[in-house]
Amino acid sequence: GTLDEGEVCDDGNTSEGDGCHNCAMDCGNGLLGEFKDLTTKHCFKLVETPAAAWAEAETQCENWGGTLAVPTTLDEFAFIQNRIRKDTWIGGHRLQAGGIYEWVTGEPFEMFWQTGQPNPANAQDMSLPCLYIDGDYLKISSAECAEAKVFVCERNE
C-alpha cells in the first residue's frame, strides 16, 4: 500500500493488467490504445471514444495515473504524431495573463506550432484556449477548451 524506495508504483497484489507490474508501470503492450516510448520510458494512452472537452480529458488522464500528453521534445512530439489521425487534445493551455501558454506538468514550454497559430484573432480571448495536435497537418494548434476531441494521456513508467 505504500511506495518503497525505487518503486514507481505499488504492486501489492497479483492482479495482471492493473497498470503496475513488479513495481514498474505497465503500458498495456498496445492494448486499449496504450503504447510506450522506449526512449523516455513514458506510457501513452490514446482515447478516441468518447471524445471529451479538454478539462474532462485531463480528468480522465489523471484517473489513468497521468496527465494529458506533454510533448516537450521534438522526438516525443514525433512519437505522438505517428499515432494520431484526428484532432487530439494535449496538455497545454493558455494562461489568462498575456496569452502565455503552459504545460499541465509545469515543464519548460516548447512549441511546434501549425502555421498561423496561435490564432492572433484569439489573442484577447480570455476563455483559456487549449492545445491539440491537428489531425490533418500534425502540428499544434489552439481551440476552445469546450470542444469535444479525442485525447492522448501520458504517465511516467
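Which residue in β10 is the bridge partner of Thr88? In this predicted model, the bridge partner of Thr88 in β10 is Val150, and that pairing belongs to a set of strand contacts around β6 that this briefing takes up after an outline of the chain. A second topic is Glu76, a residue of helix α2 that is buried yet has no salt bridge.

**Overall make-up of the chain**

- The protein chain contains two helices and 10 strands, and read from the N terminus its elements follow the order β-β-β-β-α-β-α-β-β-β-β-β.
- Of the 157 residues in the protein chain, 42% are buried, while the area that the chain exposes comes to about 8500 Å², with carbon and sulfur atoms supplying 50% of it.
- When contacts between residues at least 6 apart in sequence are considered, 61% of them join residues that are at least 24 apart.

**Strand β6 and its cover**

- Strand β6 spans residues 88-94 and is mostly covered, with seven of its seven residues buried.
- The cover extends to both faces of β6, since one side carries Thr88, Ile90, Gly92 and Arg94 and the other carries Trp89, Gly91 and His93, and these residues are all buried.

**Strands that pair with β6**

- β6 runs antiparallel to strand β8, which comprises residues 130-133, and three bridges join the two; within this pairing, Thr88 stands opposite Ile133 of β8.
- With strand β10, formed by residues 149-156, β6 pairs in the parallel sense over two bridges, and here Thr88 has Val150 as its bridge partner.
- Thr88 therefore need not be assigned to one pairing alone, as it stands opposite Ile133 in β8 and is also the bridge partner of Val150 in β10.
- β6 also pairs with strand β7, made up of residues 101-103, in the antiparallel sense over three bridges, and in β7 the bridge partner of His93 is Glu102.

**Glu76 in helix α2**

- Glu76 is found in helix α2, which covers residues 74-81.
- Although Glu76 is buried, it has no salt bridge, and the nearest side chain of opposite charge, that of Arg83, is 11 Å away.
- A polar atom of the Glu76 side chain lies 3.2 Å from the backbone nitrogen of Thr72.
- Leaving aside residues up to four places away in sequence, Glu76 touches Asp37, Thr40, His42, Phe44, Val70, Pro71 and Glu154; of these, Glu154 falls within the residue range 149-156 of strand β10, the strand that pairs with β6 in the parallel sense.

Note on methods
Residues are numbered from 1 along each chain as its sequence is written. This is a predicted model: local features need pLDDT of at least 70, side-chain atom pairs count only at pLDDT 80 or more; totals for chains, interfaces and linings use all residues. Side-chain values use heavy atoms; hydrogens and water are left out. Helices (H or I, at least four residues) and strands (E, at least two) are DSSP runs, numbered from the N terminus. Buried means under 20% relative accessible area, exposed over 50%, partly exposed in between (1.4 Å probe, protein chains only). Contact means heavy atoms within 4.5 Å. Accessible areas come from the Shrake-Rupley method with a 1.4 Å probe; for residues, only the protein chains shown count as cover. Two strands pair if DSSP finds at least two bridges between them. Lys and Arg count as positive and Asp and Glu as negative; His and the chain ends are not counted. A salt bridge is a side-chain nitrogen of Lys or Arg within 4 Å of a carboxyl oxygen of Asp or Glu. A polar contact is a pair of N or O atoms within 3.5 Å; within protein, one must be able to donate a hydrogen and the other to accept it, and residues adjacent in sequence count only if both atoms are side-chain atoms.
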